[in-house]
Amino acid sequence: MKLENRDIITLAKKVAGAKSIASTFNFNGEDYSVGAANEALREQFRLLAGDYNSYRRNKNDIFEIMQEVVDAVLPIKIMENYGQFAEIKTYAQGDKPSFVRKTGRARAKQFITKVGLAGIYEVFKLDKETFDIETTAYGGAAQVGLEEFLDGTVDFNEMIDIILEGLDEAVYQEIAIALKAAADTLETPNKASGTGFVEANFDPLLTVVRAYGTPVIYATLETAAQIVPDTGWVSDDMKNTMNRQGLVGMYKGAKVVVLPQSFTDETNTEKIMDDNLVYIIPEGANGKPVKVAMEGTTIIDEFENRDRSREIQAYKKFGVAFIVDNDIAVYSMIE
């Protein structure tokens with residue numbers, strides 16, 4: 001039975017938002033596994049595009065369904081991955097993405113790194129209670145043909161996950177650039193360095209941040225593994241945690257959070273996040289320093305390659321900014 005488009009969209013959102021293959025959810029009064037939902041969804045797409053002519057007639061409906069799914073799931077995915085330190089807002093097309101900044105004594109000390117002309121990150125002194133973020137179009141593509149999907153060899157959530165993963169990584173690349181650009185604007189008490197992890201250099205930064213809230217340490221796994229106290233008082237429990245997780249998890253009352261690491265392309269030669277930088281940010285104090293603005297709807301279309309294969313490409317507008325304040329600290333590990 002052919003479902004209404006709104007019901008197909010509801011089902012597709014549930015599939016794309018499933019956290020694991022073992023997830024189950026209720027749809028139209030029935031419980032579905034992810035596998036069963038994929039089959040139901042695939043059948044709906046067969047009804048929309050079971051042959052070339054029906055595909056041509058229903059092509060716009062297919063892509064509108066996919067667009068709605070990406071717009072619903074992407075902000076949730078970004079929040080899950082970076083929500084500990086990032087505020088995410090969505091805006092209608094044409095609206096100016098705007099965030100409220102902190103006022104009061106710290107106002108003169110606030111700066112913001114945001115994208116400037118030609119994609120170069122620039123530092124601006126804040127002189128208003130709000131600030132705007134410029135958005136840019138980014139792309140993600142599912143390198144599979146629609147025919148493969150209709151033949152049952154590609155699940156919808158796999159196709160949408162490829163698109164979501166590409167857009168999510170584009171957001172993370174911009175976050176990494178903004179973080180690194182922001183580090184240079186900090187005052188001297190808010191930054192330190194050392195050859196590797198030097199406890200005597202690092203701990204004063206914790207003291208600074210602790211004045212504004214409970215400090216949380218953010219670093220890639222490679223760097224977080226080096227954040228350990230003097231061996232004279234490392235407990236067996238900390239050693240066991242290090243053995244299980246690759247890091248101690250807590251350092252002198254500060255939680256250590258691992259920033260995801262990835263590469264800019266398939267050659268695995270250039271990392272997205274700088275392993276040499278450790279960020280210390282107070283938990284829940286003065287708002288979240290990273291701001292992500294998502295504007296308008298996702299645009300999805302199909303492109304035919306020279307060999308007549310097809311790929312699904314998505315474009316989404318977003319912008320990233322990082323508020324630099326006197327409650328944030330950065331430690332640089334010198335190689």
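**View 1. Lining of the second largest pocket by helices α1, α3 and α5.** In this predicted model, α1 (5-17), α3 (52-82) and α5 each supply at least two residues to the lining of the second largest pocket; helices (H or I, at least four residues) and strands (E, at least two) are DSSP runs, numbered from the N terminus. The volume of this pocket is about 190 Å³. Eleven residues line the second largest pocket, and those closest to its centre are Ala 16, Gly 17, Ala 18, Val 73 and Glu 80. A pocket is, on a 1 Å grid over the protein atoms alone, an open set of points where a 1.4 Å probe fits, with protein on both sides within 12 Å along at least five of seven lines, whereas in a cavity the probe cannot get out; lining residues have an atom within 4 Å of a point. Grid points are joined across faces, edges and corners, and a volume is the space filled by probe spheres set on the points. Helix α3 makes the largest contribution to this lining, with five residues, and by class the lining holds five nonpolar, two polar and four charged residues (Ala, Val, Leu, Ile, Met, Phe, Trp, Tyr, Cys and Pro count as nonpolar, Asp, Glu, Lys and Arg as charged, and the others, Gly among them, as polar).

Residues are numbered from 1 along each chain as its sequence is written. Because this is a predicted model, local features need pLDDT of at least 70 and side-chain atom pairs count only at pLDDT 80 or more, while totals for chains, interfaces and linings use all residues, and side-chain values use heavy atoms, with hydrogens and water left out.

**View 2. The largest pocket and the residues at its centre.** The largest pocket has a volume of about 380 Å³. It is lined by 20 residues, of which Lys 271, Ile 272, Met 273, Asp 274 and Asp 275 are the closest to its centre. The elements that contribute two or more residues to this lining are α5, α7 (221-224) and β16 (329-334), and the largest share, five residues, comes from α5. The lining of the largest pocket divides by class into six nonpolar, six polar and eight charged residues.

**View 3. The second largest cavity and its nonpolar lining.** Two cavities of 30 Å³ or more are counted in the model, and the second largest holds about 30 Å³ of space. Its lining is made up of Leu 179, Ala 182, Ala 183, Leu 186, Tyr 279, Phe 322, Ile 328 and Val 330, which by class gives eight nonpolar, no polar and no charged residues. Helix α5 (residues 156-183) gives the most to this lining, with three residues.

**View 4. Gln 44 in helix α2.** Gln 44 belongs to helix α2 (residues 34-48) and, at 5% relative accessibility, counts as buried (under 20% relative accessible area, with exposed over 50% and partly exposed in between, for a 1.4 Å probe and protein chains only). Apart from neighbours within four places in sequence, Gln 44 is in contact with Met 1, Lys 2, Leu 3 and Ile 8, where contact means heavy atoms within 4.5 Å. The C-alpha atoms of Gln 44 and Lys 2 are 6.3 Å apart, although 42 residues separate the two along the chain.

**View 5. Gly 83 in the loop after α3.** Gly 83 lies in the loop between α3 and β3 (86-91) and is buried, with a relative accessible area of 10%. Beyond its neighbours within four places in sequence, Gly 83 is in contact with Ile 78 and Lys 288. Between the C-alpha atoms of Gly 83 and Lys 288 there is a separation of 8.6 Å, with their positions 205 residues apart along the chain.

**View 6. Lys 252 and its positive phi.** Most residues other than glycine have a negative phi. Lys 252, which is not a glycine, has a positive phi of about 50°. This residue sits in the loop between β11 (250-251) and β12 (254-259), and it counts as partly exposed at 32% relative accessibility.

**View 7. Confidence along the chain, with residues 104-125 under 50.** The mean pLDDT of the chain is 78, and 79% of its residues reach 70 or more; pLDDT is the predictor's confidence in each residue, from 0 to 100. Confidence is lowest in strand β6 (residues 121-125), at a mean of 46, and highest in helix α6 (residues 199-210), at 92. Over residues 104-125 pLDDT stays under 50, and for this stretch the model has 63 contacts beyond four places in sequence.
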